[in-house]
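Hi everyone, thanks for coming. I'd like to walk you through a structure this morning, so please have it open in front of you.

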Amino acid sequence: MAVLSSCKKDFLQRDPSVAITKDRVFQDPVLASRFGDNSYNFLLDDYGRLSIPQPHKGTTGQFTDEAVFAATEANHGIIPMNQGNFLDPNATDVNLVYSRMYSGIRNANIMLSKIDSVPWTSAQNPKLMRAQQLFLRAMFYFELVKRFGGVILLDRALEQTESFDLPRNTYDETVAFILKDLQEAEQIFSTESQGTVYTPDNGWDQGNSGRPATGAAKALRARLLLVNASPLHNPTNDVAKWKRAADASKEIIDMNKYSLHTNYKTLLQVASSPEYIWIKVRPARPGNSASMNDFIIPPSSGGAQGLLNPTQNHVDLYEMSNGKPITDPTSGYDPQDPYKNRDPRFYANIIYNDMTWQGRKIQMWLNITVNPPSYGTDFQPGSNSYTRTRYYVAKLWPEAARGNQSAAVILNFVFFRYGEFLLNYAEALNEQSGPVGDVYKYVNEIRTRAGMPGLPVGLTKDQMRERIHNERAVELAFEEHRWWDILRWKKGVEIIPKTIMAMDVEKNASGFKYTPVALASIYQRVFQDYMHLYPIPRTEIYKSNGILQQNPGW
Amino acid sequence: MLAAFTLCLCISATAQTSRINGKVISTENNQPLPGVSVSIKGTTRGSTTNRSGDFSVVANSEAILVFSYTGFETTELPARGIIDSVTILLSPNPGDMNSVVVIGYGTQKKKEQTAAISTINGKDIVKSPVSNVTNSLVGRVPGLFAQQKSGRAGMSASDIAIRGRASTNSAALIIVDGVERQTFGDIDPNEIESISVLKDASSTALFGIKGANGVIIVTTKVGKTGKPKVSYSGNVGRVNFTQVPQFLSGYEAAMLHNEGENNLIKNGLAPSTYQKLFTDEDIEIYKNGTGDPLLYPSVNWFEAITKPNWLRTQHNLNFTGGSRAIKYFVSLGYLYEDGGFKNFSTPSGYKTNPSYTRYNFRSNLDFNLTPSTVISLRVGGRLENRYSFQANGGQGDLRQRFETGPEYLMTRLYSIPSYAIPFFPEYTNPTTPEMQELDDTYNQIEDFGRLGVNTFNPYAVIKRNGYVNYDNNAIESIFMLDQKLDKLIRGLGVKVTFGYDAYIAAARAQGGAYASYNVDKATKTLVNARATFEDPLGGVASQNYGYIKTNLQVALNYNRVFGNHTVTGVFVGQRELRGADGAEAPFANEGLVLRLTYNYAGKYFFEVNGAYNGSENYPKNNRYGLFPAVSAGWTISEESFMKSIYWLNHLKIRGSYGLIGYGSVGGTRFLYLDEYSNGGDNPTNGGANSIPNRRVAFGSASSNVLYPVVWHSRAGNPEVTWEKSVKRNVGLEAAFLNNRLSIKADLFDERRYDILLARNNSASVIYGEVLPSSNYGENYNSGYEVELSFRNSDGPFKYGITAQYTHAKNRVVKTDEPINLPANLKMTGRSIGQFMGYQVIGFYKDADDIANSPTAAVAGTVMPGDLKYADIAGSSDGKPDGIINDQDRMPIGYSDVPQNVFGFEPSISYKNFTLSALIQGVSKVHSNVFFSGGNYYESMLGRWTPETAATATWPAMRPRATTNPSYSFNDFIMQDASYVKLRNVEFGYTLPLPLTQRLKMESIRIYVNGQNLYTWTKFVGLDPENNQTSAVATSFFAGAANSIPVSRIFNFGINVQF
């Protein structure tokens, strides 16, 4: 017995040693800055990101008239949103984003609280670390406020032992919180340096390119203020709000740092561009990578599933190359030759029947003159692995990307590009002052780059608004803008439930017969006014003792 | 001890008249019984049998001889009829109050027990011709919930829970010969003397931090003093599956598929341009049976690759005996169980049929070094070979590949409709190159355009995919020194036990790839579908596993009688170190154990049991816990005022109360450690959102720099501790009518608290990180068990019956769920594992019915003939909201563990014939095994159509593998897994002694027996014991683990003793 008790402590001591303790992390400048870098991993930073089983599938454009998601399983995160069931556990843009953002906020908060106690060396500038964390926290809160309105604001990491059942802050408090973070971040970015790694003028060096700097801080503020001025959060149409938004975008123009990328077609597909304000840097994607093979490229091109299918509704938004909408009888639009003489951005964004792609003609036709009916290689009637609308997205499918082949292509997720802010400025300025010269100037700058004629002179404010809205739908197509634009414009009820159309292509002796047709009911949408704000995830409400309040209508 | 003392006195008193000689033989094994007390009724005179069972006694002709022996029925015989010599047969009586039961760290007489303990005898265990001993406990022990979940050879162990479950992990602690072991199922049943099941606080508190789920103590046989005996037992049996899915023929399946597709089109769920799988002409060809089997196959794949029945055989040879100095029991066992799959000849030469072969060895030796010193050695070993074809080749751990292989194949097989893949049995086992060519093409058609992704040709898999061989070697040894220290202090002894176990396992596998083919319908030729051709098997992959376990116990025993006062004490210091596979830290525990018992005059019993022990799994200052229990008993029938009640032989009440721990919860160890990690995996280049804790890329897409990250990789809880259980037990024992009728009843409950849960479902996600596990869950489990037994052993016609019934129901008191979760979704207050799903209120009659019913927002779009679910909740006030979605799920049925189990064991014997049976059943249990989405089964023929709407027994058809709203888990699709089984029957005949002796043998017994012979159940598809947990609720076949049906065995055997 004496033997037993004498060495008890040692006998039960069997645990493996711990790699790093919390204390050590923040006593080592290298480890501490690495902890901070992990905050970047919580961003929403790719187009396809909604599906639960295959997280590279599904983009918010598929909530809108921009595109449909061919597969119909609810757990891909699209169907519940289409059907207005934002409370569904599969509504990932509600549930997963809510928790992911708070995880990012926690990481940033811990880093912010520790920055001052880390024994930094002269190789680091803790202020730049602070600016990045503040900026990222602002990004996380922006993702929340644009979905939910006011949310619970945390400027420090919660302790395990305290209650997490906290009330929501108001929308205005949330906006103010973000603006405050951005202001401090911008102030640091515009004044602090760190050797050759960062200077206010040149930003980050080559190896750190992809970290945000002054431009990104200004861009996030401009986007936030545009949301803030838009009808959803500006029911009284307070012009001062529009002015703030316009001024914020103008600041970016006035930096004289950015310019439009010359070739719209390669906008997302180059390593760097003067148009990029902030992009997600990631390694090039092989053609057989999950996002290409399993979301963008259909089996007919060697991929597995072509699930991102633009709608006829979206295609109809592209003007003719003469600058007239196809609804204009003088536009020259031929419904039986619908893809002729369209806005060049149509050809950059959309893959359509009979176009040449990767060295061959795309065949999306069905031939019912023979029995059994035959169909082209790029379409199969019964298979959801192929397009449901007879369109695919060229913008997110670099032509060099071959399904099932490892050759890699660049496809950047662009957080902010200069072009957006020209449109943001034009939109806000039009609301503030009507279609003044600057409005025309910057919209036309976008159109000129695309190869389109300028907008007709003499538009009214309302007409200009319509043209800008349309311009955004076309210019920013598939870049994660359409859904958020519709929500902030409060135009969900008008746009979302519209019948989603596809193009039926019949092959016959003389060529093709084009007939727009409604898609099956599973691809049609429901939207009601209260859906302009997402509901707080239902489980969060269930976890609260009545303190956390749900958005109205839900 | 008292009895022996009395006998000594008796011998000295002698008398007159005639001398009667005789021999006492046990009916258990036809062996002579030494030491039987032979007394003359009403006197103090008598004798005892010698080592050969012979006795000699002097009695007058009026005397009645009484033969009594511990553990056997007392038998009386009038002297009058005895001419000269006589042979007396004594039958064992397990209910005998003097029999000794193995308990934790010692033994105890039944009559002294104050705890809830049940025992099963070795001879009952061998009645079940099963390859895993766990399966022979089913239905034989009150309070024991055992469920055989698979019929796979060598993988068929039962899940055992004692008195139901009080926590998610309900695995009992297993002790073999005093030392903890991971399993006892692989021990040769012929080696087992008894199995004790310890159920209440009093009996399990000694095991402290490990005891809360109950303890199973297996004791192996030891030698008995007497001449060497050799016994052989051998049996051979035929095995088959109890219940298999009823697949539909090619025609029926195609017809239903076609009907399903028509339903989709008719109801607007598929476009008019939808390409159907079969034309009407195809269906007609199927119906007429005139189709080319290549294009119109009709294959029952289950029958194609499994055997209708297969072989199992078991042999055991053991030697036992002993002298004053040494006692020995040496046993050799062999078991072979065939695997139930057909053995096809494979081009690579491996065997396709799985098998299980086991060699058991045991040598139990006891050396009486001095009258007060015994050294014992218990060495048990086994070599197990498990073999299987390989189906789940993706598993890196070969053991895992082995353990999930055939199950994986079966889950896929269950979803292949008969029309999907052709099969030509005539090409199998080819003898010529031409036939080989046919076999390798026409029997390797995989993509017939009728199946979809992730399916395969089952025959091609077992023929071409390779094999896995898994050997397991175990040596389990125990060395004991038992030293009496009476010279120091009378009644004191010390016992040192050292256990040393070594386990070595090795897995070996070879994988193969094979060509698969498509059929070109027009030309009926085969098109290569995959780029691989007939590859030979790949290289041999092998992995070794193993660990060593040591266990040391030093025990002081004290046992002394002071007049009416009997005092015993056991004080043990115990320490164990069990290695773990690979780099994982070993498991360690140590502690002190104390038992004190006191009884007064055999009437009043008091006991204190306790352990102070600890485990490596907890933080330094929190590793040890104290687990005490108290119990008491009152044998009322020993009171003088009760003695006059002649029909009451025994009446006792007892009770216990105590605290026990359970520390081996969950897979993650060292939950107190808090850790940060540095580095991180590279980001994916495949897109999707960035993944936390991976390196971050900066630079540019063409030239990026990956920045390592540091993250909180382990959220530790420095307060983490073990689960605790407060158990109460009240028991009543009674025996009537000369001990023929006995009853034993126990009422129990258990409060399990400090259950480890992370607050991830109950705490808001705004915290931003996974929360560490903390001890806050609580469950309550309560119930009762009753055992009734009646036996009549007088005369040549003996009969008996034992009936037992156990009820245990648990309820979740506190668990990790949101505070304001609607009542219908809450688990709190319900049973652990309660099934949750939709309540079905009928079929949708037509489109109007759908339009006028609450909006169905379950997976898939509803159509007429789909199941209509009740809209019970969803709005913020908990009322129906007009939408049927996940908020309308509610508790349906029971859980996957039955609330009631019962066993009924009649037995009769007449002279040399014995017949016994075991009928066992469970009730209040459900299962989520349902046969729906992937295939067409018999039950679907009753599907809803507009014409049969009134009588339909299945929802309207949809083509297989399409999302079906009717298959969202609901109370229509859920199955009642209650059953009654004819679990075991044995008919035996012992050859007459003269014949046996002429053959120069001591006894010969032949028997036929069977296991799982017949099942009464409403369950369809598989055996009701193949049921599933509630974890997965919506897939076609939830989980792979239990996919091989339970097996039935018909067996013939012989026992011979030399």
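**A walk through chains B and A**

Let's start on the outside of chain B, at a nonpolar patch to which strands β39 (797–814), β46 (900–910), β47 (913–923) and β51 (1003–1017) each supply at least two residues. Before I go on, please keep in mind that this is a predicted model.

Which residues make the patch? From chain B we have V236(B), L311(B), F797(B), Y799(B), I908(B), Y910(B), F913(B), L915(B), F987(B), I1006(B), V1008(B) and F1052(B), and the nonpolar surface they form covers about 1,000 Å². Let me pick out L311(B), which sits in strand β18, residues 310–322 of chain B. Its relative accessible area is 39%, so L311(B) counts as partly exposed.

While we are on chain B, have a look at another residue, Y600(B). You'll find Y600(B) in strand β28, which runs over residues 587–600. Y600(B) is partly exposed as well, with 31% relative accessibility. What does Y600(B) touch, leaving aside residues up to four places away in sequence? The answer is N564(B) and H565(B). Also, the C-alpha atoms of Y600(B) and G563(B) are separated by 8.9 Å, and these two residues are 37 apart along the chain.

Now to charges. How many salt bridges does the structure hold over all chains? There are 96.

I'll show you a few of them, beginning in chain A with R417(A) and E275(A), whose closest N and O atoms are 2.7 Å apart. R417(A) lies in strand β14 (residues 413–417), while E275(A) lies in the loop between α10 (239–254) and β4 (276–280), so this salt bridge ties together parts of chain A that are 142 residues apart in sequence. Are these partners buried or exposed? R417(A) is buried, at a relative accessible area of 2%, and E275(A) is buried too, at 0%.

Back in chain B, D440(B) and K463(B) pair up through their side chains, with 2.8 Å from N to O. D440(B) belongs to helix α8 (residues 433–442) and K463(B) to helix α9 (residues 458–464), so to speak two distant parts of the chain linked by one pair, 23 residues apart. D440(B) has a relative accessible area of 8% and is buried, and K463(B), at 0%, is buried as well.

One more from chain B: the side chains of R752(B) and E750(B) form a salt bridge at 2.9 Å, N to O. R752(B) is buried, with 1% relative accessible area, and E750(B) counts as buried at 7%.

Salt bridges can also share partners, and in chain A this joins a whole group into one network. Its members are E275(A), E319(A), D343(A), R345(A), K395(A), R417(A), R447(A), R449(A), R467(A), E471(A), E475(A) and E479(A). You'll recognise E275(A) and R417(A) from the pair I showed you in chain A.

My last stop is helix α17 of chain A, residues 482–489. This helix is mostly covered, as eight of its eight residues are buried. They are R482(A), W483(A), W484(A), D485(A), I486(A), L487(A), R488(A) and W489(A). What happens just after α17(A)? There, K490(A) takes a positive phi of about 60°.

That's my tour, and I'm happy to go back to any of these spots with you.

Conventions. Residues are numbered from 1 along each chain as its sequence is written. Chains are lettered from A and ligands numbered from 1 in the order in which they are written. This is a predicted model: local features need pLDDT of at least 70, side-chain atom pairs count only at pLDDT 80 or more; totals for chains, interfaces and linings use all residues. Side-chain values use heavy atoms; hydrogens and water are left out. A salt bridge is a side-chain nitrogen of Lys or Arg within 4 Å of a carboxyl oxygen of Asp or Glu. Helices (H or I, at least four residues) and strands (E, at least two) are DSSP runs, numbered from the N terminus. Buried means under 20% relative accessible area, exposed over 50%, partly exposed in between (1.4 Å probe, protein chains only). Patches are made of residues with over 30% relative accessible area and no salt bridge: like charges are joined within 9 Å, nonpolar side chains (Val, Leu, Ile, Met, Phe, Trp, Tyr) within 5 Å. Accessible areas come from the Shrake-Rupley method with a 1.4 Å probe; for residues, only the protein chains shown count as cover. Contact means heavy atoms within 4.5 Å.
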